[in-house]
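Here is a short briefing on a protein model. Please keep the sequence and the 3D view open while you read.

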Amino acid sequence: MSSESSARSSSNPDSLNVKLPDDKELVLKVIPMPADCNANGDIFGGWVMAQVDLAGSVIPARHVDGRMATVAVNQFIFKQPVRVGDILSFFASLTRIGTTSITVQVEVYAERFRSQGQYIKVTEASLTYVAIDEQGRPRKIAKS
């Protein structure tokens with residue numbers, strides 16, 4: 001059984017301790033607060049999505065040299081709930097550089113407040129950003 005499927009079937013998913021990726025760059029760390037909770041007491045999925053969008057834009061910004069916009073959320077998977085006080089680590093890597101767009105993979109890991117140093121994967125996503133000019137039209141990305 002894979003570590004991801006065992007995370008879903010485990011009676012205590014918090015006991016799962018995964019290794020952080022070494023093939024992606026740590027681009028953001030953040031701690032969700034009580035104002036970010038939904039009615040169930042978990043962190044809003046939309047809040048997590050906004051943080052993923054910010055984290056995903058870090059690496060493309062190095063290549064775009066100017067304005068860019070998120071044009072697609074190609075995939076977004078919530079694997080585990082995020083809780084108040086979790087320390088979230090966002091790792092990103094480029095998966096594709098096109099003529100005007102860049103696609104990025106983002107993985108989010110949580111250290112539960114009471115079990116720091118142990119990580120669980122809570123979210124993964126793929127996003128595409130496009131370089132835009134001052135009028136908001138796509139423009140070519142200069143190859144480096």
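E25 has a relative accessibility of 31% and therefore counts as partly exposed, because the buried class ends at 20% and the exposed class starts over 50%. Its salt-bridge partner is R62, with the closest N and O atoms 2.7 Å apart. The model is predicted. The points below cover the salt bridges, the sheet, its covered strands and two partly exposed residues.

**Salt bridges**

- The whole structure holds 9 salt bridges.
- One of them is the pair of E25 and R62. This pair links distant parts of the chain: E25 sits in strand β1 (residues 25–30) and R62 in helix α2 (residues 45–64), 37 residues apart.
- R62 has a relative accessibility of 51%, so R62 counts as exposed, the limit being over 50%.
- K121 forms a salt bridge with E107, and here the closest N and O atoms are 3.5 Å apart. The two residues come from distant parts of the chain, with K121 in strand β5, E107 in strand β4, and their positions 14 residues apart.
- Are K121 and E107 buried or exposed? Both are buried.
- K121 and E107 also belong to a network of salt bridges. Linked with them in this network are D23, K24, K79 and E124.
- D133 and R137 form a salt bridge, with their closest N and O atoms 3.4 Å apart.
- D133 has a relative accessible area of 18%, which means that D133 is buried, as this lies under 20%. R137 is partly exposed at 49%.
- Side chains of opposite charge can pair when their charged atoms come close.

**The sheet**

- Five strands make an open sheet: the 5 strands follow the order β1-β3-β4-β5-β2, with antiparallel pairing.
- β1 and β2 are the edge strands, and each of them pairs on one side only.
- Neighbouring strands of this sheet are turned against each other by 25 degrees on average, direction ignored.
- Strands of a sheet pair through backbone hydrogen bonds, either parallel or antiparallel.

**Pairing, strand by strand**

- Strand β3 (residues 87–97) runs antiparallel to β4, and 10 bridges join the two. I87 has E111 as its bridge partner in β4.
- A hairpin of 3 residues joins β3 to β4.
- Strand β4 (residues 101–111) is joined to β5 by 11 bridges, again antiparallel.
- Two positions show how β4 and β5 line up. Y109 has K121 as its bridge partner in β5, and V108 stands opposite T123 in β5.
- How many bridges join strand β2 (residues 68–78) to β5? There are 9, and these strands run antiparallel.
- On the β2 side, T70 has Y129 as its bridge partner in β5. F78 stands opposite T123 in β5.
- T123 in β5 thus stands opposite V108 and opposite F78.

**Covered strands**

- β4 is mostly covered, with 11 of its 11 residues buried.
- The cover extends to both faces of β4. On one side, S101, T103, Q105, E107, Y109 and E111 are all buried. On the other, I102, V104, V106, V108 and A110 are all buried too.
- E107 on that first-named side is the salt-bridge partner of K121.
- Strand β5 (residues 119–131) is also mostly covered: 13 of its 13 residues are buried.

**Partly exposed residues: F78 and L28**

- F78 is found in strand β2. At 44% relative accessibility, F78 counts as partly exposed, because this value falls between 20% and 50%.
- F78 makes a nonpolar surface patch together with M49 and V73. The patch measures about 260 Å².
- L28 lies in strand β1. L28 has a relative accessible area of 25%, so L28 is partly exposed rather than buried, a class that needs under 20%.
- Which residues are in contact with L28, leaving aside its neighbours within four places in sequence? They are Q51, A55, L88, S89 and F90.
- Q51 is 23 residues from L28 along the chain, and the C-alpha atoms of the two are separated by 8.5 Å.

How values were computed: Residues numbered from 1 in each chain as written. Predicted model: local features only at pLDDT ≥ 70, side-chain atom pairs only at ≥ 80, totals over all residues. Heavy atoms only, no water. Buried < 20%, exposed > 50% of the residue type's maximum accessible area, 1.4 Å probe, protein only. Helix = DSSP H or I, 4+ residues; strand = E, 2+ residues; numbered from the N terminus. Pairing = 2+ DSSP bridges. Salt bridge = Lys/Arg side-chain N within 4 Å of Asp/Glu carboxyl O. Patch = residues over 30% accessible without salt bridge, like charges linked within 9 Å, V, L, I, M, F, W, Y side chains within 5 Å. Areas by Shrake-Rupley, 256 points an atom, 1.4 Å probe, with all protein chains shown as cover. Contact = heavy atoms within 4.5 Å. Axes fitted to C-alpha atoms, helices over the stretch in contact; angles between N-to-C directions.
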